[in-house]
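Subject: Handover of a structure and the findings from it

Dear colleague,

Please find below the structure that I am passing on to you. My account of what was found in it follows directly after.

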Amino acid sequence: MGASSMGWAGTPRVFTARECHLESSGRGGKNTSCSGTFVPDGGTLTDGAAVLA
């Protein structure tokens, strides 16, 4: 579930990356994608499987 679908887009707080890797962008380029834990202000609804791409 994405941050924007949960109303978290632009939500301040902390994202802690567990791992990052390069992915193909589909146009011959590469993007970095990181997965980890996101905790929004207030600490409610922590997402332990958040992805930043």
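Two residues are said to be in contact when heavy atoms of theirs lie within 4.5 Å. With that in mind, leaving aside neighbours within four places in sequence, Ser33 is in contact with Glu19, Cys20, His21, Glu23, Val51, Leu52 and Ala53. Please note that the model is a predicted one.

Overall composition

The protein has 53 residues, of which 17% count as buried. Its secondary structure comes to three strands and zero helices, and along the sequence the pattern reads β-β-β. About 3800 Å² of the protein is exposed, and carbon and sulfur atoms supply 53% of that area. Among the contacts with a separation of 6 or more, 27% are between residues 24 or more positions apart.

The sheet

The three strands form an open sheet in the order β1-β2-β3, with antiparallel pairing. β1 (13-24) and β3 are the edge strands, each of them pairing on one side only. From one strand to the next, the twist averages 25°. As a general matter, strands of a sheet pair through backbone hydrogen bonds, either parallel or antiparallel.

β1 and strand β2 (residues 30-40) run antiparallel and are joined by 11 bridges. Within this pairing, Leu22 has Thr32 of β2 as its bridge partner, and Arg13 stands opposite Pro40 in β2. The hairpin of β1 and β2 has five residues between the strands, and Gly26 in this hairpin takes a positive phi near 90°.

β2 and β3 also pair in the antiparallel sense, over four bridges. Their hairpin has six residues between the strands, and Gly42 in the turn has a positive phi of about 90°.

Ser33 and Leu52

Which strand holds Ser33, the residue whose contacts were given above? Ser33 is placed in strand β2. Ser33 counts as buried because its relative accessibility is 4%, under the 20% limit that applies to buried residues.

Leu52, one of the residues in contact with Ser33, has its place in strand β3 (residues 47-52). Leu52 and Ser33 are 19 residues apart in sequence, while their C-alpha atoms are 5.6 Å apart in space. Not counting residues up to four places away in sequence, Leu52 touches Phe15, Thr32, Ser33 and Cys34. Of these, Cys34 has Leu52 as its bridge partner in β3. Leu52 is partly exposed, with a relative accessible area of 47%.

The disulfide

How many disulfides does a search of the whole structure find? The search finds one, and this disulfide joins Cys20 to Cys34, with an S to S distance of 2.0 Å. The pair links distant parts of the chain, with Cys20 in strand β1 and Cys34 in strand β2, 14 residues apart. The torsion about the S-S bond of Cys20 and Cys34 is about 110°, and the disulfide is therefore right-handed.

Are the two cysteines buried or partly exposed? Cys20 counts as partly exposed, at 47% relative accessibility, whereas Cys34 counts as buried, at 14%. Cys34 thus appears in two descriptions, as a partner of Cys20 in the disulfide and as a residue bridged to Leu52 in β3.

The salt bridge

The structure holds one salt bridge. Arg13 forms this salt bridge with Asp41, and the closest N and O atoms are 3.9 Å apart. This pair also links distant parts of the chain: Arg13 belongs to strand β1, Asp41 lies in the loop between β2 and β3, and 28 residues separate them. Arg13 counts as exposed because its relative accessibility is 53%, which is over the 50% limit for exposed residues. Asp41, at 44% relative accessibility, counts as partly exposed.

To recapitulate the principal findings, the predicted model shows an open antiparallel sheet of three strands, a disulfide between Cys20 and Cys34, and a salt bridge between Arg13 and Asp41.

Yours sincerely

Technical notes: Residues numbered from 1 in each chain as written. Predicted model: local features only at pLDDT ≥ 70, side-chain atom pairs only at ≥ 80, totals over all residues. Heavy atoms only, no water. Helix = DSSP H or I, 4+ residues; strand = E, 2+ residues; numbered from the N terminus. Buried < 20%, exposed > 50% of the residue type's maximum accessible area, 1.4 Å probe, protein only. Pairing = 2+ DSSP bridges. Axes fitted to C-alpha atoms, helices over the stretch in contact; angles between N-to-C directions. Salt bridge = Lys/Arg side-chain N within 4 Å of Asp/Glu carboxyl O. Areas by Shrake-Rupley, 256 points an atom, 1.4 Å probe, with all protein chains shown as cover. Disulfide = S-S within 2.5 Å.
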